[in-house]
Amino acid sequence: MKENSENIKVQKKLNRIGVLTSGGDAPGMNAAIRSVVRSAIYNNIQPVGIYRGYYGLVNRQFVTMQSHSVSKIISQGGTILKSSRLPEFDKREYRDIAIENLREASIDALVVIGGDGSFRGAHLLATENDFPIVGLPGTIDNDIFGTDFTIGFDTAINTAVEAIDKIRDTADSHNLVFFVEVMGRNTGFIGLYTAIATGAEATIIPEVHTDIDSLCDYLLKERRKNKTSGIVIVAEGSDQGSATEIAAKVKAKIPDYETRVTTLGHIQRGGSPTCNDRVLASTLGNASINALISGISDVMIGQVNGLVAYTPFAEACAKHNPINQKWIEVAHILSL
Ligand code: F6P
């Protein structure tokens, strides 16, 4: 973001800053909350926790926080502030209630930890009311423009890799082909990373069209090479449907194939955050308070090439990080 950008305003002294987590929980959200709370206190600002995301903002579920409120949470998954999705926040009347509640509670600025849906709401709230808001990218999907990694992604892929390694043992022991579904909503970051890391035989992600005939040819070729088992990673959102649907389509074409389906599901969202997620959450949480103190608003704070980077909410919501095409090739080459 350029220095003379309209996202920088002359800022009055901040006395109270609200913090909330919104959308799907992600490991590292607690580390981010801890960082926001302690960085605010360090700067003589009173942090206020808002429970259950925008729902709590609209329903005034506020709690003042102290340094000890966030003791020992850096290693915990989930979010101590709880989270929710509130589709009604698209409506102006809900945002008007939210801003009224913020003003009534003398909250001068807000940190929103969540995904692009949460940032859309934050952008509207900030611009309609000239209210200082910054966002931190918290989602396992890694689908947010303006940051190399989102808070939670590293933990999610490590959890998935651990699970798939275990599935591999059973696949090998029983000569099975497993179709393993991983999360990611409409993006294949979790799929591609876990496929490379587990040496999957095939990878199906939304960014690439999947042809079932070619997939079957490929799997048969694998069998001719005396590979008796296999792992096919299926990311959510693929154009051929879920892992269950794809496994059924393959089974219809190769009836003697012994297939199994495992959907990893929400285990990818939970658990103690990795070191990378804790450090990312801690540095970005601190940067969020520094940004608000400097008068920066209506931006998401991410990390690009190791440096803190501000991306206007509107841009973070409109754009997407592309999947690295080279990595798709690497996944394919290494599965030969
Ligand atoms: O955005 C995080 C995520 O876990 C996606 O990967 C997944 O598509 C979605 O949330 C699942 O949402 P829910 O928990 O509401 O079913």
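Q: From which domains does the shell around the ligand draw at least three residues each?
A: This is a predicted model, where local features need pLDDT of at least 70, side-chain atom pairs count only at pLDDT 80 or more, and totals for chains, interfaces and linings use all residues. Residues are numbered from 1 along each chain as its sequence is written, and side-chain values use heavy atoms, leaving out hydrogens and water. Bounds come from an automatic or database domain assignment. At least three shell residues come from each of domain 1 (5–152 + 273–318) and domain 2 (154–269).

Q: How many charged residues does the shell around the ligand have?
A: A residue belongs to the surroundings if one of its heavy atoms lies within 4 Å of the ligand. Those residues are Arg85, Thr139, Ile140, Asp141, Met183, Gly184, Arg185, Glu236, His266 and Arg269. Asp, Glu, Lys and Arg count as charged, and Gly as polar. By class, 2 are nonpolar and 3 polar, while the charged residues number 5.

Q: What percentage of the ligand's accessible area does the protein cover?
A: Polar contacts (pairs of N or O atoms within 3.5 Å) link protein and ligand. A ligand oxygen lies 2.6 Å from a polar side-chain atom of Asp141, and one lies 2.7 Å from a side-chain N or O atom of Glu236. Gly184 has a backbone N or O atom 3.1 Å from a ligand oxygen. Of the 400 Å² accessible to the ligand on its own (Shrake-Rupley method, 1.4 Å probe), the protein covers 72%.

Q: How many residues does domain 2 give to the contact with domain 1?
A: The centres of domain 1 and domain 2, taken over C-alpha atoms, are 35 Å apart. In their contact (heavy atoms within 4.5 Å), domain 1 has 16 residues and domain 2 has 13.

How values were computed. Polar contact = N/O pair within 3.5 Å; in protein donor to acceptor, adjacent residues only side chain to side chain.
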